[in-house]
Amino acid sequence: MHILFTRSLEDSKDLILRFNELGHKVSYMPVIEIEKVDHDLINFNDFKGLIFTSANSLKFINSKEVDKNIFCFCVGSATEKKALSLGFQNVISAEGNVRNLKEIILRNFNSNVGKILYLSGELISKDLDKELNLLGYDIKRIINYTAKPIREIDQKFLENLKSSVPDILYVYSQNSALSLLNLINKYNLNDIWMNTNLMCMSEKISSVLNNIKWKKIFLFNAGEEEYLLYKI
């Protein structure tokens, strides 16, 4: 099968290597680029826990200022892997689901322990901070990165895409879905996806692309990419 990832090469390389090993043709077409957002100085000593719903938020944290034994709640395996690479020791992962992440925080962190810092991008799939606040948690959300849409597709890649339309296309965020839709419209690619299975991490993401005629739409959690191959 031909599989297309819309994340950066850095975020996709492990899956690209794995799927190549399985004999699949794999392409990547990043549709967003991540940039740091300036924010007020953070005193990490004020917090007893950290929340990351994307590995991108870890790219712009000064980990030298943080106690590596602090509770570190991550949405999935990619975010967990990034946290561990920065030296965090007390990392708990929800395996790709924000709803599960909320339950894990409730089970592992008592609200009276102290404040939790939630670092994220501008768009989030679920208002995790607000939901936890309603349950008595003291959550401070800080936006430390933004996703900028990529507005051009390399002409050679575009020709190859049209001649070998992917069987599977993975989309990981609402920002990515919006950018992908803009590129599809810009390059008149609306009608080439009839035999492509769209894989999205949430209904909010898939709703952006619902007007495109896909073979089928699947929802998945991070870490389930290989498993999905056997559902098609």
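## Exercises on rings and a helix

Phe 71 counts as partly exposed, since its relative accessibility is 27%. The model you are exploring is predicted, so keep that in mind as you work.

**Exercise 1.** Classify the pair formed by the rings of Phe 71 and Phe 73, and decide whether Phe 73 is buried or exposed.

*Solution.*
- Start with how such pairs are described: one uses the distance between ring centres and the angle between ring planes.
- The structure holds nine aromatic pairs. In the one made by Phe 71 and Phe 73, the centres lie 6.0 Å apart and the planes meet at 5°, so this pair is stacked. The cut-off used here is that planes under 30 degrees apart count as stacked.
- Phe 73 has a relative accessible area of 0%, so Phe 73 is buried.

**Exercise 2.** Classify the ring pair of Trp 193 and Trp 214, then find where each residue lies.

*Solution.*
- The ring centres are 5.3 Å apart and the planes are at 40°, so Trp 193 and Trp 214 form a tilted pair.
- Trp 193 belongs to the loop between helix H6 (174–186) and strand E11 (197–200), while Trp 214 belongs to the loop between helix H7 (203–208) and strand E12 (216–219). The two residues are 21 residues apart, and the pair links distant parts of the chain.
- Both Trp 193 and Trp 214 are buried.

**Exercise 3.** Find the charged end that sits over the ring of Tyr 172, and name the cluster that Tyr 172 belongs to.

*Solution.*
- The charged end of Arg 7 sits over the ring of Tyr 172, 3.7 Å from the ring centre.
- Ring pairs link Tyr 172 into a cluster with Phe 5, Phe 19, Tyr 170 and Phe 220.

**Exercise 4.** Check the span of H6 and work out how its buried residues are arranged.

*Solution.*
- H6 has 13 residues; at 1.5 Å a residue they should span 18 Å, and the end C-alpha atoms are indeed 18 Å apart, which agrees.
- The buried residues of H6 are Ser 176, Ala 177, Ser 179, Leu 180, Leu 183 and Ile 184. They cover an arc of only 170° around the axis, which puts them on the same side of H6.
- Among the elements covering these buried residues are strand E3 (32–36), strand E9 (145–149), strand E10 (168–171) and H7.

**Exercise 5.** What is notable about the phi of Asn 188, and is Asn 188 buried or exposed?

*Solution.*
- Most residues other than glycine have a negative phi.
- Asn 188, just after H6, takes a positive phi of about 55°.
- With a relative accessible area of 65%, Asn 188 is exposed.

Technical notes: Residues are numbered from 1 along each chain as its sequence is written. This is a predicted model: local features need pLDDT of at least 70, side-chain atom pairs count only at pLDDT 80 or more; totals for chains, interfaces and linings use all residues. Side-chain values use heavy atoms; hydrogens and water are left out. Rings of Phe, Tyr and Trp (its six-membered ring) pair if their centres lie within 6.5 Å; planes under 30 degrees apart count as stacked, over 60 as edge-to-face and the rest as tilted. Buried means under 20% relative accessible area, exposed over 50%, partly exposed in between (1.4 Å probe, protein chains only). Helices (H or I, at least four residues) and strands (E, at least two) are DSSP runs, numbered from the N terminus. A charge sits over a ring if NZ of Lys or CZ of Arg is within 6 Å of the ring centre and within 35 degrees of the ring normal. The expected span of a helix is 1.5 Å times one less than its number of residues. The arc is that of the directions from the helix axis to the C-beta atoms. Contact means heavy atoms within 4.5 Å.
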